[in-house]
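Biologist: Could you take one part of this model and walk me through it closely? I'd like to hear how the helix sits against whatever is around it, and what is left out in the open.

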Amino acid sequence: MTMPESSQQWALQLDPELGLRHVAKCIICGDFCVDTSSADEAQDWCRQHARDTGDDYFELTGIQYGTTVLVKHPSVHDTPPT
Ligand SMILES: [Zn+2]
């Protein structure tokens, strides 16, 4: 199924309820925590993981979730190429 590209466009809407999520990952063994709304919680996970395993190098990532929506532009705004 093909659609004309001129009259519609993909828009990305970030999820305002989730906001910015934080994930901590251990570089040494690849283990990672469930994403959390708090950067402090992700860092706590690193400290706990270091206590449990002795691993000492981590990656902290901020994540945003969003939904893509197909937006149809009214044809009156279409300007033909000249
Ligand atoms: Zn580890």
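Modeller: Let's fix one cut-off first: a residue counts as buried if 20 or more other C-beta atoms lie within 10 Å of its own, and as exposed if 12 or fewer do. Keep in mind that this is a predicted model. By that cut-off, strand 1 (residues 8–14) lies largely in the open, because the number buried among its seven residues is zero. Its partner is strand 4 (residues 66–72): the two run antiparallel and are joined by seven bridges. Within that pairing, L14 stands opposite G66, and Q13 stands opposite T67. Strand 4 is hardly covered either, with a buried count of zero among its seven residues.

Now for the helix you asked about. Helix 1 covers residues 39–53, and its 15 residues should span 21 Å at 1.5 Å a residue; the end C-alpha atoms are 21 Å apart, so the two values agree. Its buried residues are A42, W45 and H49. They cover an arc of only 50° around the axis, which means they sit on the same side of helix 1. What do these buried residues pack against? They pack against strand 2 (20–26) and strand 3. Over on the other side of the helix, D40, R47, Q48 and R51 are exposed. Just after helix 1 comes G54, with a positive phi of about 85°.

Two of those buried helix residues turn up again in the largest nonpolar core, A42 and W45, which are joined there by A24, C33 and F58. Leaving out residues up to four places away in sequence, W45 touches A24 and C33. As a general point, nonpolar side chains in soluble globular proteins tend to be buried together.

Next to look at is L60, which belongs to strand 3 (residues 58–64). Buried or partly exposed, which is L60? L60 is partly exposed, because it has 14 other C-beta atoms within 10 Å. Setting aside neighbours within four places in sequence, L60 is in contact with H22, A24 and A42. L60 and A24 are 36 residues apart in sequence, yet their C-alpha atoms are 4.5 Å apart in space.

So to pull your helix together: A42, W45 and H49 are its buried residues, and they pack against strand 2 and strand 3, while D40, R47, Q48 and R51 are exposed on the other side.

Key:
Residues are numbered from 1 along each chain as its sequence is written. This is a predicted model: local features need pLDDT of at least 70, side-chain atom pairs count only at pLDDT 80 or more; totals for chains, interfaces and linings use all residues. A nonpolar core is a set of buried Ala, Val, Leu, Ile, Met, Phe, Trp, Tyr and Cys residues joined through C-beta atoms within 7 Å. Two residues are in contact if their C-beta atoms, placed from the backbone, lie within 7 Å. Helices (H or I, at least four residues) and strands (E, at least two) are DSSP runs, numbered from the N terminus. Two strands pair if DSSP finds at least two bridges between them. The expected span of a helix is 1.5 Å times one less than its number of residues. The arc is that of the directions from the helix axis to the C-beta atoms.
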